[in-house]
Amino acid sequence: MKKQILIITLIILMSLSLISALSIKDVESLPQEIMPGETAKISIEIENTLNADVSNVNVKLDLSELPFAPYQSSSESFSEEIKDGKDETFNFRIIALPTTSSGIYKIPVIITYLDEDDELKTDEGLISLIVN
C-alpha cells in the first residue's frame with residue numbers, strides 16, 4: 001500500500017515538473033505518518049525549471065478544507081529568489097486535529113512568484129500526508 005502511495009505521489013510530482021516553471025521536486029514529512037493531535041514537519045523542495053531567475057516566491061499549503069492547522073508557524077513560506085536551475089526548500093509545521101480520521105490526505109500547494117518580466121505567476125500541485 002505504501003509503495004502504491006509513493007508511486008502515485010511520484011507520478012503527480014513528475015507530471016507537475018513537465019508543465020511548470022517552478023515544480024515540486026521532493027517532499028519529506030517527519031514523521032512519515034502522523035497520528036491525530038500530533039505534529040509533523042513538512043519540507044517541500046521547489047525546483048526552478050524555467051530558463052530564468054524568479055523572485056518573490058511564496059509557497060502556501062491550502063489547509064482550509066482539511067483537518068490540519070499550522071503549528072508554531074504559518075501555512076505559507078517565502079523566498080526572495082530562486083535562480084535558474086536551482087532548488088529551494090520550504091519548511092512547514094502542521095498539526096493534525098484531534099478528530100482527524102486515519103487516511104491519506106491530499107494537500108493543495110500553491111506557488112506564486114514573479115517571472116523575469118515581473119509578471120505574477122501561479123503554479124499548483126498536491127502533496128500527500130498519511131494519518132494513521
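**View 1. The largest nonpolar core and its best-connected members.** The largest nonpolar core holds 28 residues, and those touching the most other members are Ile44, Ile46, Val57, Leu61, Phe68, Ile94 and Ile111. Here a nonpolar core is a set of buried Ala, Val, Leu, Ile, Met, Phe, Trp, Tyr and Cys residues joined through side-chain atoms within 4.5 Å, with buried meaning under 20% relative accessible area (1.4 Å probe, protein chains only). Strand 8 gives the most to this core, 5 residues. This is a predicted model, so to speak: local features need pLDDT of at least 70, side-chain atom pairs count only at pLDDT 80 or more, and totals for chains, interfaces and linings use all residues. Residues are numbered from 1 along each chain as its sequence is written, and side-chain values use heavy atoms, leaving out hydrogens and water.

**View 2. The open sheet.** Look for 4 strands in the order 1-3-7-5, with antiparallel pairing. Strands are DSSP runs (E, at least two residues), numbered from the N terminus, and two of them pair if DSSP finds at least two bridges between them. Strand 1 (22-30) and strand 5 (68-70) sit at the edges with a single partner strand each, so one side of each has no neighbour in the sheet.

**View 3. Ser43 and its partner across the strands.** Ser43 lies in strand 3, and its bridge partner in strand 7 is Asn91. The two side chains also make a polar contact at 2.6 Å (a pair of N or O atoms within 3.5 Å, one able to donate a hydrogen and the other to accept it; residues adjacent in sequence count only if both atoms are side-chain atoms). Ser43 is buried, at 15% relative accessible area.

Technical notes:
Buried < 20%, exposed > 50% of the residue type's maximum accessible area, 1.4 Å probe, protein only.
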